[in-house]
Amino acid sequence: MPELPEVDALAAFLRERAVGRTVTSASVTAISALKTFDPPLSALEGGTIAAVDRHGKFVDLTVGGGSGAETPVHLVFHLARAGWLRWFDDVPKTILKPGKGPIALRVKLDDGSGFDLTEAGTKKSLAVYVVREPNDVPGIARLGPDPTAPGFTLADFQAVLDGRRTQIKGVLRDQSVFAGIGNAYSDEILHAARMSPYALAAKLTPEQVETLFTALRETLAEAVATASGRPPADLKDAKRRGMQVHGRTGEACPVCGDTVREVRFADSTFQYCPTCQTGGKPLADRVLSRLLK
């Protein structure tokens, strides 16, 4: 799943290539992907892309002057677990067939360029919205603060954690708490902070909170810098190469040499280093897992 650094890079890529261009057509081929009906998708056509922004893991294109739209509308999308953006300097002329293939949305621009939103697999979660304001998208309205924002301070971070008697792994992944961090970067942040995924947020000492805050900011800043300027086709591999523990079960930890372990849940997994993060004790690999006694 693309997270904050990759989505930030996708937004920057579209900002460079699409802003100022006119939308000539927008077609949905996966009907389940379009979550809104008013304004209609046709409101994008004839409109000019004025801005591209990121809200957590959502990309937001502001489109003004489209068909029947008196005010700008927003094309917002969330790529979910298996979605991606495919850019074309010259959009293929092939006719799209609804319900066939991985393409969920195709947007064509006035210079012949454009992009597809695609989704692999059978579990379809990619979401597309056409709205008057970004906060009309429920997922955006629920977002917590962006942890990479320049004004987000250690005091802000501490205030968010205070009183949360839940495991820090879940806190970092909760989009209503911090916008944009998912499974992969929460693994990386906790490894950099040398902290157990099961540590309770409310019980962290001030020193641990500061260490975690520094790890969060540095890990995300490095990932954003790595992703910056890369075309969409390169982002997935760049993300994988940058991981220290996430997705590296059975490999040696690059910090201490211990074997990276995995905990599996019903619909997800996470990775960690026992020596760096849990005092050498492996975490039980089962649903509702806990430290082995």
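Thr 118 sits in strand β7, which spans residues 114-119. The model is predicted. At 10% relative accessibility, Thr 118 counts as buried, because buried means under 20% relative accessible area. Leaving out residues up to four places away in sequence, Thr 118 touches Ala 82, Gly 83, Trp 84 and Arg 86. Its contacts also include Pro 102, Ile 103, Ala 104 and Leu 126.

Now the pockets. The largest pocket holds about 900 Å³ of space. Its lining counts 35 residues, and the closest to the pocket centre are Met 1, Pro 2, Glu 3, Lys 57 and Arg 81. Strands β5 (83-88) and β8 (127-131) each supply at least two lining residues, as do helices α5 (183-192) and α7 (232-242). The most comes from α7, with 3 residues.

The second largest pocket has a volume of about 330 Å³. Here 17 residues form the lining, and Glu 188, Thr 219, Glu 222, Ala 223 and Gly 242 are the closest to the centre. α5, α6 (206-227) and α7 each give at least two residues to this lining. The largest share, 6 residues, belongs to α6.

The table sets out the lining of each pocket by class.

| Pocket | Nonpolar | Polar | Charged |
|---|---|---|---|
| Largest pocket | 12 residues | 12 residues | 11 residues |
| Second largest pocket | 7 residues | 5 residues | 5 residues |

Helices α5 and α7 each supply at least two lining residues to the largest pocket, and at least two to the second largest pocket.

Definitions and conventions: Residues are numbered from 1 along each chain as its sequence is written. This is a predicted model: local features need pLDDT of at least 70, side-chain atom pairs count only at pLDDT 80 or more; totals for chains, interfaces and linings use all residues. Side-chain values use heavy atoms; hydrogens and water are left out. Helices (H or I, at least four residues) and strands (E, at least two) are DSSP runs, numbered from the N terminus. Buried means under 20% relative accessible area, exposed over 50%, partly exposed in between (1.4 Å probe, protein chains only). Contact means heavy atoms within 4.5 Å. On a 1 Å grid over the protein atoms alone, a cavity is a set of points where a 1.4 Å probe fits but cannot get out, and a pocket is an open set with protein on both sides within 12 Å along at least five of seven lines; lining residues have an atom within 4 Å of a point. Grid points are joined across faces, edges and corners, and a volume is the space filled by probe spheres set on the points. Ala, Val, Leu, Ile, Met, Phe, Trp, Tyr, Cys and Pro count as nonpolar, Asp, Glu, Lys and Arg as charged, and the others, Gly among them, as polar.
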